[in-house]
Amino acid sequence: GSYKTTTDQGTTIAVNITPHLETKTLTIDFTGTSGQTKDNFNAPAPVTRAAVLYVIRTLVKGNIPMNAGCLRPINLIIPENSLLAPTYPAAVVAGNVETSQVVTNCLYGAFGCLGLAQGTMNNLTFGDKTYQYYETLCSGAPAGPGFDGCPAVHTHMTNSRLTDPEILETRYPVILKEFRINKDSGGKGKWKAGDGISRTITFKMPMALSLLTGYRNQAIPGVKGGDPGQKGQNILTTKNRKKMVLKPCCTQKVNKGDSITIITPTGGGYGKKT
């Protein structure tokens, strides 16, 4: 199968997958992917190799040992000087946390066996000279043939846990005002993608806030006739209740009483709804 997807920054990731039954090998070719960019969303080739290994291991029946031999039957082609194999001095900080998610979606899209996930880790950091905090935020799991996606779980490359609210509020000068599931936000289809979340944090003192997020400018498409998911959104609410939509990637000074709300994007549906 083949698949081509567009990142929230406007670049393209393309893949063509060809099985060779005689040799029991697989060619995974990312030719057609955009060239390396001036922003920091370039992903070193090992990031793509890791995404390929992850996807293959989820699809193969049986327990495959986690070692370099896993990739021996796979002929992996990644174009040089591309978004997925940049050369110095390309910036790569977002490649592991953001572009890897898009690569994973692209691979599942080519296999056609699973809907697409949110395509971002929704990276949120805040701090000052005393405090530093970093979290990634969940959305819903993808839908697939015969099942709906689970709401509000970390998936794929962001398979991690959030800090417990009590620990967050004890160790940092913030209040977790809201953390809820956005009901009916997952992409529709014969099988529905999992619902995303809304999370609001209020600051008890001035801080520097940074966001590294995706799919705020476009929605995640459905697979096999499914509807797109919902776009994400980052909203800053000042203590005077003035609301401001922040860019997907930005650094923002926040004051005491300000709140940041992260609405995570959702994956697309799987299959045409009848």
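# Exercises on a predicted model

The model has an open sheet of 5 strands, in the order S7-S8-S13-S10-S11, with antiparallel pairing. Strands, E runs of at least two residues, and helices, H or I runs of at least four, are DSSP runs numbered from the N terminus. Two strands pair if DSSP finds at least two bridges between them.

This is a predicted model, in which local features need pLDDT of at least 70, side-chain atom pairs count only at pLDDT 80 or more, and totals for chains, interfaces and linings use all residues. Residues are numbered from 1 along each chain as its sequence is written, and side-chain values use heavy atoms, with hydrogens and water left out.

## Exercise 1: the antiparallel sheet

Task: find which strands stand at the edges of the sheet S7-S8-S13-S10-S11, and state the average twist.

Solution.

Step 1. Look for strands with a single partner. These are S7 (174-181) and S11 (243-245), so each has one side without a neighbour in the sheet.

Step 2. Take the twist. From one strand to the next, it averages 15°. Angles run from 0 to 180 degrees between N-to-C directions, and axes are lines fitted to C-alpha atoms, for helices over the stretch in contact.

## Exercise 2: strand S10 and its partners

Task: describe how S10 pairs with S11 and with S13, and state how many of its residues are buried.

Solution.

Step 1. Start with S11. Strand S10 covers residues 233-237 and pairs with S11 over 3 bridges, in the antiparallel sense. Ile 235 stands opposite Val 245. Leu 236 has Met 244 as its bridge partner.

Step 2. Look at the hairpin of S10 and S11. There are 5 residues between the strands, and Arg 241 takes a positive phi near 70°.

Step 3. Move to S13. This strand covers residues 259-263 and pairs with S10 over 5 bridges, again antiparallel. Thr 237 of S10 stands opposite Ser 259.

Step 4. Check burial. Buried means under 20% relative accessible area, exposed over 50%, and partly exposed in between, with a 1.4 Å probe and protein chains only. In S10, 4 of the 5 residues are buried, so the strand is largely enclosed by the rest of the structure.

## Exercise 3: the mixed sheet and its helices

Task: give the strand order of the 4-stranded sheet, then place H1 and H2 on it.

Solution.

Step 1. Read the order. It is S1-S2-S3-S4, an open sheet with mixed pairing.

Step 2. Find the edges. S1 (2-6) and S4 (74-77) each have a single partner strand, so one side of each lacks a neighbour in the sheet.

Step 3. Take the angle. Neighbouring strands are turned by 15° against each other on average, direction ignored.

Step 4. Follow one pair. S2 (residues 12-20) and S3 (residues 25-29) run antiparallel and are joined by 5 bridges. Thr 18 has Thr 27 in S3 as its bridge partner.

Step 5. Add the helices. Contact means heavy atoms within 4.5 Å. H1 (residues 45-59) packs on the sheet and touches S3 and S4, at about 145° to the direction of S4. H2 (residues 95-111) also packs on the sheet, touching S1, S2 and S3, at about 45° to the direction of S2.

## Exercise 4: Pro 73

Task: locate Pro 73 and list its contacts beyond four places in sequence.

Solution.

Step 1. Place the residue. Pro 73 lies in the loop between H1 and S4.

Step 2. Check its exposure. Pro 73 is partly exposed, at 36% relative accessibility.

Step 3. List the contacts. Leaving aside neighbours within four places in sequence, they are Lys 24, Thr 25 and Leu 26.

Step 4. Compare sequence and space. Thr 27 is 46 residues from Pro 73 in sequence, and 8.6 Å away in space, C-alpha to C-alpha.

## Exercise 5: the cysteines

Task: explain why Cys 70 has no bond to Cys 113.

Solution.

Step 1. Count the disulfides, pairs of cysteine sulfur atoms within 2.5 Å. The structure holds 0.

Step 2. Take Cys 70. Its closest cysteine sulfur, in Cys 113, is 18 Å away, which is too far for a bond.

Step 3. Take Cys 138. The nearest cysteine sulfur belongs to Cys 150, 9.5 Å away, and Cys 138 is in no disulfide.

Step 4. Check burial. Cys 70 is buried at 14% relative accessible area. Cys 138 is buried too, at 4%.
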